[in-house]
Amino acid sequence: MARFGLSALKSLLRGIGSRRPDFLRPGASSWKAPAASWQRPIGLGWEQPYTVRYASNLDDGPSHGMPLGGFGAGCIGRAPDGNFNLWHLDGGEHWFGVIPDCQFALFESNGRSSRAHALAVKPDQDASRPESGEPLAAWQWYPASKPEQSTGTYAARYPLSSTNYTGVFDAEVSCEAFSPILPGDYQRTSYPVAVFVWRLKNPTNKPLDLSLLLSWRNISGWFTNTDPSAAVEFRDDGSPEHNYAPAIGSTQGQRQRLVDQSDLQGILLEAGRSSPIAEGQGQWCIATSPQAGLEIQRCSRWDPSGDGSEIWGPFSQDGSIPQGNDTRVSGAADPASAAMALRCQLAPGQSLEIPVVISWDLPVTAFATGTRALRRYTDFFGSNAGATEGATEGTNAAAIAAEALRDWPNWHSQIEAWQKPVLERTDLPETLRMALFNELYDLASGGSLWTASSPLDPVGQFGVLECLDYAWYESLDVRLYGSFALLQLWPELDKAVLRSFARAIPAADATPRPIGWYFTQGKGRVEAARKVAGATPHDLGAPNELPFEATNYTAYQDCNLWKDLASDFVLQVWRTFCLAPNGNDQRFLADCWPACVQALRYLKRFDVNNDGLPDNGGAPDQTFDDWPLKGVSAYCGALWIAALEAALAMAQRLQLESGLDTSSEQREFGDWLGQSRRNFDALLWNGEYYRIDAESGTPVVMADQLCGDFYARLLGLPAVVADERASSSLQAVKEACFLGFQGGQLGVANGLRRDGTPLDPNGTHPLEVWTGINFGLAAYYRLMGDGKTAEAICLAVVNQVYAGGLQFRTPEAITAVNTFRACHYLRAMAIWALWATHTNWQPIPGAERPAITSERA
């Protein structure tokens, strides 16, 4: 049964209960959690979080917070218990674990007593040295919240998070953390920086001495794969994975040194650099700005491998740390951390705001042996940046930090400005507004890749992994749903992705590969060519190979046979042309047109009986890649008809506005369209809804049977089916797959019998609730005038994700037995399709801006 209902999520939106706990110190209640934020008491445990369905799939547990860092720059994550535990710093790769000495701490003295706490719950181990036993035994850690009482609240509304500490210090203590994730800003959104704005206030009638500590390990050189083979194996679910062995814990050649600039005091943490600089090499910087009443102490090197008393002893006594600029170069097994202590005295009623930044300059992402790419931010910090005289890669962490310290108030204001229209839509439940913001997390932590610009790619190339388990970029069938966020907030990145697909469609790669699905069926080794010319690729490749060049990485199915990918591509091109907030881009349309034509012609080859509609082949050959379809299918057939309508609209637009002669394509596609429309209903309509396909006889109601009709209506094209048949089908889906499945508390199951029972109780895809499919389906209900059902579906899914310990790792699928599959999933950003249909594409401020290339603005 469903464990997480609406009441559970509401409690998270407002913290533990609405009554202020009795033990809180006086004056500690002035902080208010931001509206539409996900909230969690600091360090509160999880009773029964969702767990992973397949043992080989990733499950790091529920302690996930919002990521910090720009798109494609690498990111770090600080959990609701205060620990930094997510380290996505090697493009497309994942490492999770607490490094205890990467942490903030606070000392306080009121003249009679003093206290000092690291501002995180005590970690179980140092993940970089798991065999070393209790970490930093001398440190005093922050007390965790309990069900009956809270010691503070973590609140996240991406890209802003806020933490409030209560009941432990006399002072009012809070911290707001963010990165400059700004719609339409193709410069700052790429920055590798995290800003922490600490706010301290003395609510007592006595002076308070306070000291804020930031300690950070030198992790330079860690995040690169030390296994040059990156050997590929198959998991128990048939999906391929490559070996990732980062250099965690390596210390050879590391050093730290103080850095001082006019408005910055900090510490640089670095290691040796090769020429040219290699993946994982570069710098880190921790820094703050000098200000009146603030004493800045710095310790460039201390040893985190002991009990931590070297730094904690003096800090816990009076808030000081041993100062010095020890620039010694580390040897092997010689870890080092750096620390800053920011000391102040606050008079009664006085408050102080202290900005602290953590920045990094790790400019290279490496792929197959000998290949590499510079990250997008190097267009503005590095040898590509014309305004940064003499700059080189991997030496710009202080420059990034300096800009953050100078500009963070403006960045913060811009974030508030772009979030305002969403916050003001009170006709959407607060829960859904929260999810609209927080589902954007995947653009930073989903293994995102954003390369430096080039003449061919003026904003660089961009990609987000399908998920961390299925680690290949921008799966086209998945982004049919998941790219609604990118389209509405960063349309130039959406165009960059689609241009990459357009270039890949004509390419061919005859390399034979075993197809994983056949192994799971006990059918042995079946091979297929990697990429057939004209076939629309499933994905843009994987981080262990050559993204954007070696496409079709996944080999779970033979993607050359898929019957939805060509339609998906054509529909996304036309959608982006028509609906991008920065206007119609005729050049983009012209660039993609030849690939659209080739893709549709290739797909038409699978019309085996010449009825105008491509036929599914009996093995899973569409986005539901464990679900065999046979003959014409509702899902692929409706997408095909919508894609032909889009292609005709493209052809007409190009001929009228560009003078391109598309008359032959218009006749060709028009003939196919007429034939398809005549046969679609005849083959599939059963009087109430559309059969899953024409030949298998599978008696289920497929939830997403009319995705193509949704897209056609969304784009203002002629509908695929009549209004009354669309409404009848949606009613059947609602009754069978939503209300008939766990009473509607989990969401819409992919496919059930008309009475809501499963065809196969052990089925995989039919009995899963796919988060992104649900959000897309909800947008379809909203488009058809049923906003109530749309809202109910979205609330059910969001409740499960955010009350079930799946926040900031939203999976592809959840089940009725409290398991999930494929976390950090791209498709879940389809919740922005609901925004589009609910608000009639209300624009987000900033998204309309034109792209910049490589000049700093």
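# Worked exercises on helices and salt bridges

R653 is partly exposed, with a relative accessible area of 23%. The model is predicted.

**Exercise 1. Find the salt-bridge partner of R653 and place the pair in the fold.**

Step 1. Identify the partner. R653 forms a salt bridge with E657. Their closest N and O atoms are 2.6 Å apart.

Step 2. Place both residues. Each lies in helix α12 (residues 634–658). They are four residues apart, about one turn of the helix.

Step 3. Check exposure. Buried means under 20% relative accessible area, and exposed means over 50%. R653 has 23%, so R653 is partly exposed. E657 has 49%, so E657 is partly exposed too.

**Exercise 2. Decide which parts of the chain the salt bridge between D457 and R503 ties together.**

Step 1. Take the distance. The closest N and O atoms of D457 and R503 are 2.8 Å apart. A salt bridge needs a side-chain nitrogen of Lys or Arg within 4 Å of a carboxyl oxygen of Asp or Glu.

Step 2. Locate each end. D457 sits in the loop between β23 (449–450) and β24 (462–463). R503 belongs to helix α8 (residues 491–504). The pair therefore ties together parts that are 46 residues apart in sequence.

Step 3. Judge the surroundings. D457 is buried, at 9% relative accessible area. R503 is partly exposed, at 33%.

**Exercise 3. State how exposed the two ends of the salt bridge between R525 and E527 are.**

Step 1. Confirm the pair. The side chains of R525 and E527 meet in a salt bridge, at 2.9 Å from N to O.

Step 2. Classify each end. R525 has a relative accessible area of 56%, so R525 is exposed. E527 has 43%, which makes E527 partly exposed.

Step 3. Widen the view. The whole structure holds 44 salt bridges. Some residues join in a network of salt bridges: D101, D126, R129 and R217 are linked in this way.

**Exercise 4. Determine whether helices α12 and α14 are parallel or oblique to each other.**

Step 1. Read the geometry. α12 and α14 pack at an angle of about 25°. Their axes are 6 Å apart.

Step 2. Apply the cut-off. Angles under 35 degrees count as roughly parallel. α12 and α14 are therefore roughly parallel to each other.

Step 3. List the contact. α12 contributes Y635, A638, L639 and A642. α14 contributes C707, G708, D709 and A712. By class, this contact of α12 with α14 has six nonpolar, one polar and one charged residues.

**Exercise 5. Describe how helices α15 and α16 pack.**

Step 1. Read the geometry. α15 (residues 723–739) and α16 (residues 771–783) pack at an angle of about 135°, and their axes are 11 Å apart. That angle makes α15 oblique to α16.

Step 2. Add the handedness. The crossing of α15 and α16 is left-handed.

Step 3. List the contact. From α15 come A726, L730, V733 and K734. From α16 come L777, Y780 and Y781.

Step 4. Sort by class. The contact of α15 with α16 has six nonpolar residues, no polar ones and one charged.

**Exercise 6. Work out how many residues of helix α18 are buried and what covers them.**

Step 1. Count. In α18 (residues 831–839), nine of nine residues are buried. Among them are W832, W835 and H838.

Step 2. Find the cover. It includes α3 (397–423), α4 (430–438) and α7 (484–489). It also includes α14 (707–714), α16 and α17 (787–803).

Step 3. Look past the helix end. N840 follows α18, and the phi of N840 is positive, near 55°.

**Exercise 7. Place Q254 and Q666, and state whether each is buried or partly exposed.**

Step 1. Take Q254. The residue lies in the loop between β14 (240–242) and β15 (255–261). Q254 is buried, at 1% relative accessible area. Leaving out residues up to four places away in sequence, Q254 touches several residues, including N218, W222, E270, R301 and R328.

Step 2. Take Q666. This residue is in helix α13 (residues 663–684). Q666 is partly exposed, at 22%.

Step 3. Find the neighbours of Q666. With residues up to four places away left out, Q666 touches L648, A651, Q652 and Q655. Q666 and A651 are 15 residues apart along the chain, and their C-alpha atoms are separated by 6.5 Å.

Key. Residues numbered from 1 in each chain as written. Predicted model: local features only at pLDDT ≥ 70, side-chain atom pairs only at ≥ 80, totals over all residues. Heavy atoms only, no water. Axes fitted to C-alpha atoms, helices over the stretch in contact; angles between N-to-C directions. Helix = DSSP H or I, 4+ residues; strand = E, 2+ residues; numbered from the N terminus. Parallel < 35°, antiparallel > 145°, perpendicular 65-115°, else oblique. Left-handed = near helix turned anticlockwise from the far one by under 90°. Contact = heavy atoms within 4.5 Å. Nonpolar A, V, L, I, M, F, W, Y, C, P; charged D, E, K, R; others polar. Buried < 20%, exposed > 50% of the residue type's maximum accessible area, 1.4 Å probe, protein only.
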